[in-house]
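The paragraphs below walk through one protein chain, part by part. Keep the sequence and the 3D view at hand while reading.

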Amino acid sequence: MKIISVVGARPNFMKIAPIIKAVKKKKNLTNILVHTGQHYDKKMSKLFFDELDIPKPDINMEVGSDTHAQQTAKIMMGFEKILIDHKPDLVLVVGDVNSTMACAITAAKLNIPVGHIEAGLRSFDRTMPEEINRLVTDSISDFLFTTSIDADQNLKKEGVPAKKIFLVGNVMIDTLLANTRQAKNSRIMNRLGLKERDFALVTLHRPSNVDEKNDLKNIIEIFLQLQKHTKVVFPIHPRTHRKMEEFGLLKKTKDFPRLIFTEPLGYLDFLNLMMHCRMVFTDSGGIQEETSVLRIPCLTLRENTERPITVTYGTNVLVGLDKKRILREAERILRGQGKKGREIPLWDGQAARRIADILSELKLK
Ligand code: UD1
């Protein structure tokens, strides 16, 4: 079976890495890796290929950034040509970024079966671009690989037949577990002058948090408060950086040496910081999962999550954008009363192997 697997944006890279390795072990499967080029900066893309030992993409479409419609359309136009040229038996997409949806639609229209890895997650918030990507991708996928039982339930409620759904676990956690030892060797704490459990780690990039001046200003003020109690490390996503500059917030924060800004970090440096920090503040999806497995308290600056298992089993607390609530929860963690979390079923480092086992047994027409 000839597979074309697709990556586009930063969180896709850690998801595809274990799948490529597991598929390679199957004699009856071949894989062509396509990078749409949705993320293109070295620090948002190539660095992850190098660190996670992902082979160079066979094809790079280099679509770059644009509005949602333009980016999606460009990916579809380029990917259609690739599918016509290479005639794969199956297209594999991961996650919920624009590249995921664009490539799934393109394949489905050419009657090529689609496998979606990380299917069934729902925030039930259609103002999030990712929620639209998830709904569309799942509705046209033929094989839906899920990370947790709530995802299976969402899909069944939407009318997806049980035979299309495969509960396999979490490929992002496969990558985490495979890299913790190497991440321990990172020198990032030294470089930033940090001590274990003596700092908070922040990531923010959702349009709903960073695109409006007042919201972003409010968030930055929270961290200005927090740095009185603990150092705060904030690797800035390019989107957030652009907005902070535009709103004059970079200037406002430059006299606070305990609020440490860095460029986007590589996987191993970031994992090292996650393993050794006191708490994480985030609006990312994947980081809610990673902190849960690492048993590091996570405060999610959103009103909802498509990953509720990180709240019920994990270390995640949804705090929205309420300044008082956020600082209260942070103080609780500083007092040593953060959520401890427990093991999440099937997040055991074997998800990609399970997917490859299923793929190698598939009978496609
Ligand atoms: C995208 C995903 C989001 C994911 C995030 C992880 C969608 C709709 N969103 O959001 O789900 O959580 O990636 O990072 O697919 N930019 C650069 N360099 C890059 C890439 C982007 O400077 O390599 C800048 C550009 O100015 C661009 C902006 O960041 O306009 C946003 O990039 P985009 O890919 O549109 O969305 P993200 O916010 O990164």
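In the model, which is predicted, a good starting point is a pair of residues on neighbouring strands: Ser-5 has Leu-33 of S2 as its bridge partner. The two strands involved are S1, residues 2-7, and S2, residues 30-35, which run parallel and are joined by six bridges.

This pair belongs to a wider arrangement. S1 and S2 are part of an open sheet of seven strands, ordered S3-S2-S1-S4-S5-S6-S7, with parallel pairing. At its edges stand strand S3 (59-60) and strand S7 (165-167), each of which pairs on one side only. As a general point, the strands of a sheet pair through backbone hydrogen bonds, in either a parallel or an antiparallel way.

The chain as a whole is divided into two domains: domain 1 covers 2-169 + 350-361, and domain 2 covers 180-334. Taken over C-alpha atoms, the centres of the two domains are 27 Å apart. Across the boundary, 21 residues of domain 1 are in contact with 17 residues of domain 2.

A second open sheet has six strands in the order S10-S9-S8-S11-S12-S13, and its pairing is parallel. Its edges are strand S10 (259-262) and strand S13 (316-318); each has a single partner strand, so one side of each is left without a neighbour in the sheet. On average, neighbouring strands of this sheet are turned by 20° against each other, direction ignored.

Within the six-stranded sheet, strand S11 (residues 279-282) pairs with strand S12 (residues 298-300) in the parallel sense over three bridges. One residue to look for here is Phe-281, whose bridge partner in S12 is Leu-299. Helix H16, residues 323-334, lies across S11, S12 and S13, and runs at about 160° to S11.

Where does the largest pocket lie with respect to the two domains? Domain 1 and domain 2 both give residues to its lining, so the pocket lies between them. Its volume is about 1200 Å³. The lining consists of 50 residues, and those closest to the centre of the pocket are Ala-9, His-39, Met-44, His-205 and His-237. The elements that give two or more residues to this lining are the helices H1 (10-24), H3 (68-86), H5 (129-140), H11 (238-246), H13 (267-276) and H14 (286-294). Sorted by class, the lining has 20 nonpolar, 15 polar and 15 charged residues.

Methods
Residues numbered from 1 in each chain as written. Predicted model: local features only at pLDDT ≥ 70, side-chain atom pairs only at ≥ 80, totals over all residues. Heavy atoms only, no water. Pairing = 2+ DSSP bridges. Helix = DSSP H or I, 4+ residues; strand = E, 2+ residues; numbered from the N terminus. Axes fitted to C-alpha atoms, helices over the stretch in contact; angles between N-to-C directions. Contact = heavy atoms within 4.5 Å. 1 Å grid on protein atoms, 1.4 Å probe; cavity = no way out; pocket = protein on both sides within 12 Å on 5 of 7 lines; lining within 4 Å. Points joined across faces, edges and corners; volume = space filled by probe spheres on them. Nonpolar A, V, L, I, M, F, W, Y, C, P; charged D, E, K, R; others polar. Domains from an automatic or database assignment.
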